Amino acid sequence: MTIIEAEGSGADAPQEGAAVHGYHHQKDEHLKRLRRIEGQIRGLQRLVDEDVYCIDILTQVSASTKALQSFALQLLEEHLRHCVADAAVKGGTEIDAKVEEATKAIARLLRT
């Protein structure tokens, strides 16, 4: 059985007992956004293939990078609102682990 089941509540309803991630309710929007970014990357390949001027390609690289960064920030916000907040409610050492995990993710994003 998979995490996603086609039951009465919809095809994207998580299986009972399965982990629900912070992005679950925005999953379709996220996938749509990622497909758009994928299209931007394919566009970059086409620009190089067509020998487009360097600065024009760099402009598109910047736009693609910005789109990925924006996606990452949205995902991070959802992680904080759902996963970290849930750990805070549960208490114990889980909150420390989630905060450390989020801090490391932020550090990785800042290095890019």
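## Briefing on a predicted three-helix model

The largest pocket is lined by 14 residues, and Ala72, Leu75, Leu76, His79 and Ala105 are the ones nearest its centre. The model described here is predicted. The protein has three helices and two strands, and along the sequence these follow the pattern β-β-α-α-α. Of its 112 residues, 21% count as buried.

**Helices**

- Helix α1 covers residues 27–49.
- Helix α2 covers residues 54–90.
- Helix α3 covers residues 93–111.

**The largest pocket**

- The space in the largest pocket comes to about 320 Å³.
- Helices α2 and α3 each give at least two residues to the lining of this pocket.
- The largest share of that lining is from α2, with six residues.
- Sorted by class, the lining of the largest pocket holds eight nonpolar residues, three polar ones and three charged ones.

**The second largest pocket**

- The second largest pocket holds about 170 Å³ of space.
- Its lining is made up of Lys66, Gln69, Ser70, Ala72, Leu73, Leu76, Ile106, Leu109, Leu110 and Thr112.
- Ala72 and Leu76 appear in this lining, and both are also among the residues nearest the centre of the largest pocket.
- As for the source of the lining of the second largest pocket, α2 and α3 each supply at least two residues.
- Six residues from α2 make up the largest share of the lining of the second largest pocket.
- By class, six residues of this lining are nonpolar, three are polar and one is charged.

**Salt bridges**

- The count of salt bridges in the model is six; three of them, one in each helix, are described below.
- In helix α1, the side chains of Arg42 and Glu38 form a salt bridge, with 3.0 Å from N to O.
- Arg42 and Glu38 are four residues apart in α1, which is about one turn of the helix.
- Arg42 has a relative accessible area of 47%, so this residue counts as partly exposed.
- Glu38 is likewise partly exposed, because its relative accessibility is 41%.
- In helix α2, Arg81 is joined to Glu77 by a salt bridge whose closest N and O atoms are 2.9 Å apart.
- Arg81 and Glu77 are also spaced by four residues, about one turn of α2.
- Arg81 is exposed, because its relative accessible area is 63% and the cut-off for exposed is over 50%.
- Glu77, the partner of Arg81, has a relative accessible area of 34% and is therefore partly exposed.
- In helix α3, a salt bridge links Glu100 and Lys104, where the closest N and O atoms lie 3.1 Å apart.
- Four residues, about one turn of the helix, separate Glu100 from Lys104 in α3.
- Glu100 counts as partly exposed because its relative accessibility is 45%.
- Lys104 is partly exposed too, with a relative accessible area of 47%.

**Surface patch**

- Tyr53, Ile55, Leu58 and Val61 form a nonpolar patch on the surface.
- Together, these four residues have about 400 Å² of accessible area.
- Ile55, one of the patch residues, belongs to helix α2.
- The relative accessibility of Ile55 is 46%, so Ile55 counts as partly exposed.
- This value is over the 30% of relative accessible area that a residue needs to be part of a patch.

**Asp96 and Val84**

- Asp96 is located in helix α3.
- With a relative accessible area of 54%, Asp96 is exposed, because the cut-off for that class is over 50%.
- Val84 is 12 residues away from Asp96 in sequence.
- In space, the C-alpha atoms of Asp96 and Val84 are 9.2 Å apart.

**Points to keep in view**

- Helix α2 contributes the largest share of the lining in the largest pocket and in the second largest pocket.
- Helix α2 also holds Ile55 of the nonpolar patch and the salt-bridge pair Arg81 and Glu77.
- Helix α3 supplies at least two lining residues to the largest pocket and at least two to the second largest pocket.
- Helix α3 is also the place of Asp96 and of the pair Glu100 and Lys104.

Technical notes: Residues numbered from 1 in each chain as written. Predicted model: local features only at pLDDT ≥ 70, side-chain atom pairs only at ≥ 80, totals over all residues. Heavy atoms only, no water. Patch = residues over 30% accessible without salt bridge, like charges linked within 9 Å, V, L, I, M, F, W, Y side chains within 5 Å. Areas by Shrake-Rupley, 256 points an atom, 1.4 Å probe, with all protein chains shown as cover. Buried < 20%, exposed > 50% of the residue type's maximum accessible area, 1.4 Å probe, protein only. 1 Å grid on protein atoms, 1.4 Å probe; cavity = no way out; pocket = protein on both sides within 12 Å on 5 of 7 lines; lining within 4 Å. Points joined across faces, edges and corners; volume = space filled by probe spheres on them. Nonpolar A, V, L, I, M, F, W, Y, C, P; charged D, E, K, R; others polar.
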